[in-house]
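Thanks for coming, everyone. I would like to take a few minutes to walk through a structure that may be new to many of you, so please have a look at it before I go on.

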Amino acid sequence: MTDLIELLREGLPEEAVLTDPDVTGAYAHDMASFCEAGVPAVVVLPRTVEQVQHVCRTATALRVPVVPQGARTGLSGAANASEGCIVLSLVKMDRILEINPVDRIAVVEPGVINATLSRAVMEKGLYYPPDPSSWEQCTIGGNIGTASGGLCCVKYGVTAEYVLGLDVVLADGRLLKTGRRTAKGVAGYDLTRLFVGSEGSLGIVVGAVLALKPAPLEQLVLAAEFPSTASACDAICRIMERGHAPSLLELMDRTSVRAVNAMGNMGLPESTEALLMAAFDTPDPAPDLAAVAELCAAAGATEVVPAEDAAESDMLLQARRMTLPALEAVKGVTMIDDVCVPRSRLAEMIDGTAAIAEKHALTIGVVAHAGDGNTHPTVCFDPADPDESRRARESFDEIMALGLELGGTITGEHGVGVLKREWLARELGPVGVELQQGIKQVFDPLGLLNPGKLF
């Protein structure tokens with residue numbers, strides 16, 4: 001321990017090396033429930049690439065594991081400390097190095113907050129679309145590590161589609177540059193995409209070249225009430241089948257609507273079984289909204305209300321973004337699942353989750369990025385009640401099993417981390433696991449980078 005601290009301090013400022021247990025303990029875990037976390041030996045907060053390289057060289061020399069972290073807003077335990085590890089917090093590397101309107105790229109360090117980047121590029125008439133619900137706190141490095149998504153994915157795609165190139169410090173301290181600054185490029189294997197979603201298990205992202213889009217116009221939102229989940233999901237299928245390209249297509253079940261109302265007095269219709277929100281950011285969204293309103297009515301919507309202006313639209317989106325804290329308030333703690341299924345199976349997924357909730361006598365709210373089939377069943381439970389905690393964990397696993405049965409995946413944007421390690425093996429199968437472990441061995445032969453995550 002003493003040797004580790006002394007060696008780290010040889011290449012880091014005094015204030016960048018944290019050893020007080022009362023301080024380092026705060027870096028032990030992210031926001032996931034039911035995920036074990038060890039006690040870190042030390043927390044380091046580098047500000048430069050060279051300092052990150054020094055940390056990795058030191059870790060390799062002493063065979064000490066390294067756990068990279070961003071803002072720790074993750075929901076899978078991917079940022080949880082290993083026992084005796086170096087926690088490598090990248091939040092101090094928070095500079096936007098370049099915004100280039102001609103090439104439509106931004107070059108950033110990993111600690112840049114998603115919302116900070118979004119606002120900075122918007123000032124130049126550009127747009128960085130990925131917008132996780134925690135966008136006001138989460139970092140770009142963390143978004144890259146877990147391949148984050150957000151509300152706009154149905155039209156604009158997820159983080160992976162915006163990462164053009166990366167600077168990565170490997171386990172032994174070497175610096176690897178992947179990808180490009182150009183709009184196109186197919187030279188060699190796509191190592192850039194390999195690092196996106198790797199949860200820091202292959203290398204430490206210390207810089208990124210991100211693609212940008214022209215800033216969209218303000219979107220207008222439509223809200224539709226449905227008497228059943230099935231009718232709401234029927235409307236979703238009709239919208240997508242007819243070729244519409246909404247900038248947002250979100251679904252809230254009855255439990256979520258009531259939780260949001262209880263927390264924020266949002267005035268959402270509590271009589272509804274499912275609330276669908278659709279938005280368009282086209283020059284004239286009125287025709288699209290009218291067409292979607294007709295499709296919702298044909299699917300059985302009891303009421304369809306288009307927002308009259310951007311302020312009303314923002315209010316509806318605020319209600320959607322309030323869902324997680326509102327569900328947390330039900331019992332104090334939640335387990336948030338992240339199962340993505342084909343759009344055509346969305347109703348089965350949500351109704352199946354309701355059946356699981358009834359079976360285990362639990363409150364489970366579901367919100368979904370309905371346009372891409374990504375559901376977030378959120379299990380509410382009292383951690384002080386052992387039996388309820390057990391039922392919460394069992395229901396969580398049953399929800400993942402249901403997703404796989406429906407042809408889906410165990411995670412659409414939150415990642416695997418510790419929470420879904422067992423389920424990743426089930427989804428990939430033995431051949432897939434063998435090949436992925438082989439890739440890990442190439443990049444991190446000593447197994448020092450974020451051990452115990454993914455596999």
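I will start with an annotated region, then turn to one helix, and finish with a single residue.

Please keep in mind throughout that this is a predicted model. For orientation, UniProt, in an unreviewed entry, places the feature "domain: FAD-binding PCMH-type" at residues 36–215. Over those residues the chain is 22% helix and 24% strand, and the end C-alpha atoms lie 42 Å apart.

Now to the helix, α15, which runs over residues 421–443. With its 23 residues, a straight helix would reach 33 Å, yet the end C-alpha atoms of α15 are only 20 Å apart. Where does α15 bend? The bend, of about 110°, is at G429, and a proline, P430, follows within four residues. As for its surroundings, the buried residues of α15 include W423, L424 and G429, together with G432, V433, K440 and F443, and the buried residues of this helix pack against β9 (175–179), α7 (191–195) and α14 (386–405).

Let me close with E250, which sits in strand β13, residues 248–253. Is E250 buried or exposed? Its relative accessible area is 1%, and because the cut-off for buried is under 20%, E250 counts as buried. The side chain of E250 makes a polar contact of 2.7 Å with the side chain of R320, and another polar contact, of 2.8 Å, joins the side chains of E250 and H369. Leaving aside residues up to four places away in sequence, E250 also touches others, among them L151, L275, L276 and M277.

Technical notes. Residues are numbered from 1 along each chain as its sequence is written. This is a predicted model: local features need pLDDT of at least 70, side-chain atom pairs count only at pLDDT 80 or more; totals for chains, interfaces and linings use all residues. Side-chain values use heavy atoms; hydrogens and water are left out. Helices (H or I, at least four residues) and strands (E, at least two) are DSSP runs, numbered from the N terminus. The expected span of a helix is 1.5 Å times one less than its number of residues. The bend at a residue is the angle between axes fitted to the seven residues ending there and the seven starting there. Buried means under 20% relative accessible area, exposed over 50%, partly exposed in between (1.4 Å probe, protein chains only). Contact means heavy atoms within 4.5 Å. A polar contact is a pair of N or O atoms within 3.5 Å; within protein, one must be able to donate a hydrogen and the other to accept it, and residues adjacent in sequence count only if both atoms are side-chain atoms. UniProt positions are given in the numbering used here, feature names are shortened, and annotations may be inferred rather than shown by experiment.
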